[in-house]
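Me: I'm new to reading protein models and keep getting lost in the side chains. Could you walk me through one?

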Amino acid sequence: MFKLYKRLSTIVTSELNKALDKAEDPVKLLDQYMREMAADIREAETAVSKQIANEKVLKKKYDDAEGLAKKRETQAVQALEAGNEDLARRALEDKQKHSQQAETLFESYTRTKSDADSLRERLTEMKEEYNEMNLKKDSLKARAESAKTKTKINRTMSNIGSDESSQGFNRMEEKVLRYEAEAETSDDLRSSRSLDDELESMNTKDTVYNELEELKKKMGKE
């Protein structure tokens, strides 16, 4: 019935550590524990209610038996006063029977009341423990989320400057340098073609000039 106490004694120690070792999500695990605690408390409340009901029933039966025994004693006195000894004797016999019943019922009632009081006290402790664990749960959840965030950031930071990242960066740098070298080569080639064109143009002009001079000589105009 009161499985909660065993669970409470281990929730933040061995069982939680085992769960964390298995890489279970501590936030989900804590939520699960709280649901189980709440279910155990509801179960305990039902048991306590039944025990209290039994206590009240036994108390009523005891009161009835005790009351009837006192009534028979009073009636026996009245019968003797009326001179009816036989009736007085029978009244006393019935009184003894109810007195015995009352004694047995009182023992049962006392035991049941003690059990009910104990259960009530334990239920109160369970609820207080639950409220305390609920506060701890919120704190642990916040710490778990913070730890996960830190871990994620640390892993990300550890990848920055790693061999793989450096190699990738170096490859990109080499690629950019190659692009720049190709661009410079392209400029050089274009400049070389322009110079060749100018030289060729100059040679063409010299040829035309020489041919013109030769033609003028032939025509006697020089």
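Me: Is E55 buried or exposed?

Reply: Start with relative accessibility: under 20% counts as buried, over 50% as exposed, and anything in between as partly exposed. This is a predicted model, and in it E55 has 10% relative accessibility, so E55 counts as buried.

Me: Which side chain does E55 meet in a salt bridge?

Reply: The general idea goes like this: side chains of opposite charge can pair when their charged atoms come close. Here the partner of E55 is R120, with 3.9 Å from N to O. That fits the cut-off of 4 Å for a salt bridge.

Me: Where do E55 and R120 lie?

Reply: Look at the helices. E55 belongs to helix α3 (residues 26–81) and R120 to helix α4 (residues 85–159), so this pair ties together parts that are 65 residues apart in sequence. As for R120, its relative accessible area is 29%, so R120 is partly exposed.

Me: Which residues are linked with E55 and R120 in a network of salt bridges?

Reply: Add K113 and D117: together with E55 and R120 they form a network of salt bridges.

Me: What about E73, which side chain does it meet in a salt bridge?

Reply: That would be K95, at 3.5 Å from N to O. This pair also links distant parts of the chain, with E73 in helix α3 and K95 in helix α4, 22 residues apart. Now try the accessibility reading again: E73 is at 38% and counts as partly exposed, and K95, at 23%, counts as partly exposed too.

Me: And how many residues apart are R89 and D86?

Reply: Three, which is about one turn of the helix, and both sit in helix α4. They form a salt bridge as well, with the closest N and O atoms 2.5 Å apart. R89 has a relative accessible area of 41% and D86 has 37%, so both fall in the partly exposed band between 20% and 50%.

Me: How many salt bridges does the count come to?

Reply: The count comes to 13.

Me: Okay, zooming out: how many helices and strands are there in the protein chain?

Reply: Five helices and zero strands, so reading from the N terminus you get α-α-α-α-α.

Me: What share of the residues counts as buried?

Reply: Out of 222 residues in the protein chain, 20% count as buried. The chain exposes about 16800 Å², and carbon and sulfur atoms supply 51% of that.

Me: And how do I read the contacts along the sequence?

Reply: Take contacts between residues at least 6 apart in sequence: 82% of them join residues at least 24 apart.

Notes. Residues are numbered from 1 along each chain as its sequence is written. This is a predicted model: local features need pLDDT of at least 70, side-chain atom pairs count only at pLDDT 80 or more; totals for chains, interfaces and linings use all residues. Side-chain values use heavy atoms; hydrogens and water are left out. Helices (H or I, at least four residues) and strands (E, at least two) are DSSP runs, numbered from the N terminus. Buried means under 20% relative accessible area, exposed over 50%, partly exposed in between (1.4 Å probe, protein chains only). Contact means heavy atoms within 4.5 Å. Accessible areas come from the Shrake-Rupley method with a 1.4 Å probe; for residues, only the protein chains shown count as cover.
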